[in-house]
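Got your viewer open and a selection box ready? Here is a short tour, one stop at a time.

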Amino acid sequence: MQHLQLGLQYDWLSLYEGFGLYLPAKITSRHYREQSDLNDQDYQFAPELKLFLAEAADVTLESRFQRQQLIAGIGSAEFLDPAIQPAVRNDQKRFALALQLGRQPDRQNLALRLGTEQNRLRSHVNSGSVLDNGLINQLDSDFLQLDYGHRISENTSILANAELRKEQQLQIDTDLQQIGAGFMQQWAGSQKLRVLGGYFQRDSLGVKNSGSYWQVENLWQLSDYWQLLLSSHRQSVLSYATNSITQLDTTYQAQLNYRFSDPHLFTFTLGRRSSRLDAQILQRKRQEFTFGWDWQLNQQWQSQLSLAYFRQQDSANAERNRNEIFWQLSWLW
């Protein structure tokens, strides 16, 4: 599958007396070589208004309007059947109110976020008079998030997290409650470890599922040229699959960065992702390897090249392999 991707991205930030306004916008057009019915345009518009209430308190009004094409069987759409629906279009609207207390997150910081999010997944067919077939899935979330950090020594901070979500998948209700704690540790500026883990419980159709969630990241500055990032995440999320309400995602990733010189950055990434439908036996595992080369030609022009290999297996031992070559030339002004 070969396609040409053209995009335009614009960021505008302005600060005033007592408030700030941020207006990022991005438009992308995809044109496929042999499957013109998949041609599509994506966009993302995410304005934010930040109100500075006091020296150590601010409120941010967040929003996001986004349309994104997903290839069935890949990424978030891994449980959709490519034979029936090769591509889908995800329309998303998100609104949130964020309260931030504490100007120094590495000392003491409290963040409270209240919001709502809507996702509409529609089939995508550009052929004849058929354009954007009917609704495949809809995912709605009302959420309340609380994050707290407190520095207890020069290099150590304790973390706490709590989240409540009232969600729907095709009008089926599901509630999520999770609570966790962790720490952040730094060593002489060369290594930074962040660990957060806890317990979650979901209630859907009278059935309760529970388990553990975690976020682990370790950033290690090996030298002036080499940097290593190790990370792992596990979380319960709404599923795009119509035969299940939620799924459990677990990821492991290792990323090695090598800055050959100021203009050149090379990135090597190994990753593994496991997704399991909560109400089904079906499970998919994905292994990936990517190589990236970022080249800052001058102050305005930047080149990005990436090579990727993906291998995906499901519980029925069906296997899919995918190779990707991506090149992007950007002009900043």
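Keep in mind that this is a predicted model. Start by selecting Leu70. Setting aside residues up to four places away in sequence, Leu70 touches Ala77, Pro86, Ala87, Val88, Asn90, Leu121 and Tyr240. Now widen the selection: Leu70 belongs to the largest nonpolar core, which has ten residues. The other members to add are Ala72, Ala77, Leu80, Val88, Leu121, Leu139, Leu238, Tyr240 and Ile245. Colour that set, then pick a new colour for a second, separate core of five residues; Tyr32, Leu38, Ile71 and Ala87 are among them. Notice that Ala87, one of the contacts of Leu70, sits in this second core.

**Rings**

Next, show the aromatic side chains. How many aromatic pairs does the structure hold? There are ten. Zoom in on Phe266 and Phe291: the ring centres are 6.2 Å apart and the planes are at 20°, so this pair is stacked. Phe266 is in strand β17 (residues 264-277) and Phe291 is in strand β18 (residues 283-296), so the pair ties together parts that are 25 residues apart in sequence.

Then move to Trp301 and Trp331, another stacked pair, with 6.1 Å centre to centre and 25° between the planes. This pair also links distant parts of the chain: Trp301 belongs to strand β19 (residues 301-314) and Trp331 to strand β20 (residues 319-331), 30 residues apart. Switch on a surface and you'll find both rings' residues partly exposed: Trp301 has 35% relative accessibility, and Trp331 has a relative accessible area of 47%.

Before leaving the rings, select Trp226, Tyr258, Phe260, Phe266, Phe268, Phe291, Trp293 and Trp295 together. These residues form one aromatic cluster, and the Phe266 and Phe291 pair you just looked at is part of it.

**Enclosed space**

If you have a cavity tool, turn it on here. Two cavities of 30 Å³ or more come up. The largest has a volume of about 90 Å³. Which residues line the largest cavity? Select Gly73, Ile74, Arg286, Phe310, Arg311, Gln312, Arg320, Asn321 and Arg322. Strands β19 and β20 each give at least two residues to this lining. Coloured by class, the lining shows two nonpolar, three polar and four charged residues.

The second largest cavity holds about 50 Å³ of space. For its lining, pick Gly75, Glu78, Arg273, Ser275, Arg284, Lys285, Arg286 and Gln312. Here β17 and β18 each supply at least two residues, and β18 provides the largest share, three residues. By class, this lining has no nonpolar, three polar and five charged residues. Keep an eye on Arg286 and Gln312: they appear in the lining of the largest cavity and in that of the second largest.

**Two strand residues**

Stay with β20 for a moment and select Asn323, which lies in that strand. Is Asn323 buried or exposed? Asn323 is exposed, with a relative accessible area of 63%. Leaving aside neighbours within four places in sequence, Asn323 is in contact with Ala308 and Tyr309. For a sense of scale, draw a C-alpha to C-alpha distance from Asn323 to Asn137: 28 Å in space, for residues 186 apart in sequence.

Now jump to Leu144 in strand β10 (residues 135-151). Leu144 is partly exposed, at a relative accessible area of 33%. Its contacts, not counting residues up to four places away in sequence, are Leu112, Arg113, Leu114, Ala162, Glu163 and Leu164. Draw one more line, from the C-alpha of Leu144 to that of Ala98: 9.9 Å, with the two positions 46 residues apart along the chain.

**Backbone angles**

Finish with the torsions. Most residues other than glycine have a negative phi. Against that background, select Leu170: its phi is near 55°, a positive value in a residue other than glycine. Leu170 is in the loop between β11 (156-169) and β12 (172-187), and at 32% relative accessibility it counts as partly exposed.

The last stop is Leu205. What is the phi of Leu205? It is positive, about 55°, although Leu205 is not a glycine. Leu205 is in the loop between β13 (191-204) and β14 (207-221), and at 66% relative accessibility it counts as exposed.

Note on methods. Residues numbered from 1 in each chain as written. Predicted model: local features only at pLDDT ≥ 70, side-chain atom pairs only at ≥ 80, totals over all residues. Heavy atoms only, no water. Phe/Tyr/Trp six-rings, centres within 6.5 Å; stacked < 30°, edge-to-face > 60°. Helix = DSSP H or I, 4+ residues; strand = E, 2+ residues; numbered from the N terminus. Buried < 20%, exposed > 50% of the residue type's maximum accessible area, 1.4 Å probe, protein only. Core = buried A, V, L, I, M, F, W, Y, C linked by side-chain atoms within 4.5 Å. Contact = heavy atoms within 4.5 Å. 1 Å grid on protein atoms, 1.4 Å probe; cavity = no way out; pocket = protein on both sides within 12 Å on 5 of 7 lines; lining within 4 Å. Points joined across faces, edges and corners; volume = space filled by probe spheres on them. Nonpolar A, V, L, I, M, F, W, Y, C, P; charged D, E, K, R; others polar.
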